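Visitor: I am new to this structure. Please show me the sequence and the model, and then walk me through them.

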Amino acid sequence: MKKRHLLGILAIVLSLSLFAMGCGSGQKAEPASKDGANTQSSDKAADKPADPIVIKFAHVTSPDSPKGKAADMFKQLVEERLAGKVKVEVYPSTQLLNDDKLIQELPKNTVQMGAPSATKLVGIDPAFQIVDLPFLFTSDEALYKFFDGEGGKVLSQKLEKGGLKLLAIWGNGSKHFSNSKVPLKSPEDFKGLKFRTQTGKVLDEQFATLGASAVPMAFSEVYVALQQGVVDGQENTFNNMDTQGYEEVQKYMTVSGHGRLDYPLVTGQKFWDGLPEDIRTELEKILVEVTAQQRLWADELNKASYEKMKNSGKMEIYELNADDIKKFQDAMQPVYDKFSDAIGKDLIELAKKSNE
Ligand code: LMR
């Protein structure tokens, strides 16, 4: 096992124990206000300065991924512009908790911010799987147009029942396939293979239509599962494959762009509502800046990762052409037939319009 992964596992174990003790950063826990949000407290009797509000930002990718860099930029700007008032603790690489746990913990205010990939919000509403509908979004621009517009509004309202508030949409990119067994050039090549998926029935069905099977698994477990042959392949963005070192444990990559992996940046509704208004306003301003830069990083870093993996020559790479894509679209049509109602036909129409 690579040293990086061993260290990662140790870090996860350590931080989970700290998290269980309720003091992930080793710092005194913030007092909770009536609504459960951590607020600035001032000990007037002792005339002590107020403790800063602590924002724990937990995510699963590496610090040099588009999400990791943006989380660090957010920390830097917050601590410059709200010095002494707000402190941000960033926990990358699943050091604090995985995305499923994050989504459960945000409403409880044990962690305050995160950016799980959209499909992982399926437990709150099946519509979040829209990003997994095969070949639906045809570009980054289309994806942002949908999420920044009416589509994002609809999904943002759905988050309320999960106790979450949508703050922004951060990007990563299109997903591509990799595996250790055969070059994947046509739908028939997938027969009998096992693929790791993030979560959800749409991805199960996507692989079922190709005669393959899906094994949902946390991101932190994927490298070892690929290495040990627990699964044959996976689907992810260029940058996630690169920063996780999948080229060391996969022989073939197919550039397919068949689905999307991007991030609703979320916080707990109670935490957000409990913040003093001036702080909330400043955080919103900072997030506009960070989001613009995050999207540039998503584009740049994915392109750079693809070039890097191409040049390293460790994986054999096949780029689907227009005819290949047509065959995959036909083969995967049952995914639309089965899930359009659950995801919402209107929402799918909005997504299609964003491609225009
Ligand atoms: C995955 O689990 O593959 C992704 O959601 C990881 C991420 O956050 O990009």
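Visitor: Which elements do the buried residues of α5 pack against?

Guide: This is a predicted model, where local features need pLDDT of at least 70, side-chain atom pairs count only at pLDDT 80 or more, and totals for chains, interfaces and linings use all residues. Residues are numbered from 1 along each chain as its sequence is written, and side-chain values use heavy atoms, with hydrogens and water left out. Helices (H or I, at least four residues) and strands (E, at least two) are DSSP runs numbered from the N terminus. Taking buried as under 20% relative accessible area, exposed as over 50% and partly exposed as in between (1.4 Å probe, protein chains only), and contact as heavy atoms within 4.5 Å, the buried residues of α5 pack against α4 (140-148), β4, β8 and α13 (345-354).

Visitor: What arc do the buried residues of α5 cover around the axis?

Guide: An α-helix has 3.6 residues a turn, so residues three or four places apart point the same way. In α5, which spans residues 150-159, the buried ones are G151, G152, L155 and L159. They lie on the same side of α5 because the arc they cover around the axis is only 90°. This arc is taken from the directions from the helix axis to the C-beta atoms, and its value is 90°.

Visitor: And on the other side of α5, which residues are exposed?

Guide: The buried side holds G151, G152, L155 and L159. Turn to the other side of α5, and the exposed residues there are K153 and Q157.

Visitor: Now for the empty spaces: what volume does the second largest cavity have?

Guide: Rolling a probe the size of a water molecule over the atoms shows where empty space is left. On a 1 Å grid over the protein atoms alone, a cavity is a set of points where a 1.4 Å probe fits but cannot get out, a pocket is an open set with protein on both sides within 12 Å along at least five of seven lines, and lining residues have an atom within 4 Å of a point. Grid points are joined across faces, edges and corners, and a volume is the space filled by probe spheres set on the points. By this rule there are two cavities of 30 Å³ or more, and the second largest has a volume of about 30 Å³.

Visitor: Which elements give two or more residues to the lining of the second largest cavity?

Guide: In the lining, seven residues are nonpolar (Ala, Val, Leu, Ile, Met, Phe, Trp, Tyr, Cys or Pro), none is charged (Asp, Glu, Lys or Arg) and none is polar (the others, Gly among them). The residues are F128, F147, L155, L159, L166, I169 and P264. The elements that give two or more of them are α5 and β4.

Visitor: Which residues are closest to the centre of the largest cavity?

Guide: The largest cavity has a volume of about 70 Å³. It is lined by 13 residues, and the closest to its centre are K120, Q198, F219, N240 and L261.

Visitor: Which element supplies the largest share of the lining of the second largest pocket?

Guide: This pocket has a volume of about 380 Å³. It is lined by 18 residues, with S139, D140, S174, H176 and R260 the closest to its centre. At least two lining residues each come from β4 (164-179), β8 (252-268) and α10. The largest share, five residues, comes from α10.

Visitor: How far does helix α10 reach from its first C-alpha to its last?

Guide: Helix α10 runs over residues 277-312, which makes 36 residues. The expected span is 1.5 Å times one less than the number of residues, which comes to 52 Å for α10. Close to that expected value, α10 reaches 50 Å.

Visitor: Is V111 buried or exposed?

Guide: V111 lies in the loop between α3 (99-105) and β3 (113-114). Leaving aside neighbours within four places in sequence, V111 is in contact with K56, A58, L96, L102, E105 and L106. Its relative accessible area is 0%, so V111 is buried.

Visitor: What relative accessibility does F135 have?

Guide: F135 is in the loop between β3 and α4. Its phi is positive, about 60°, although F135 is not a glycine. F135 counts as buried because its relative accessibility is 12%.
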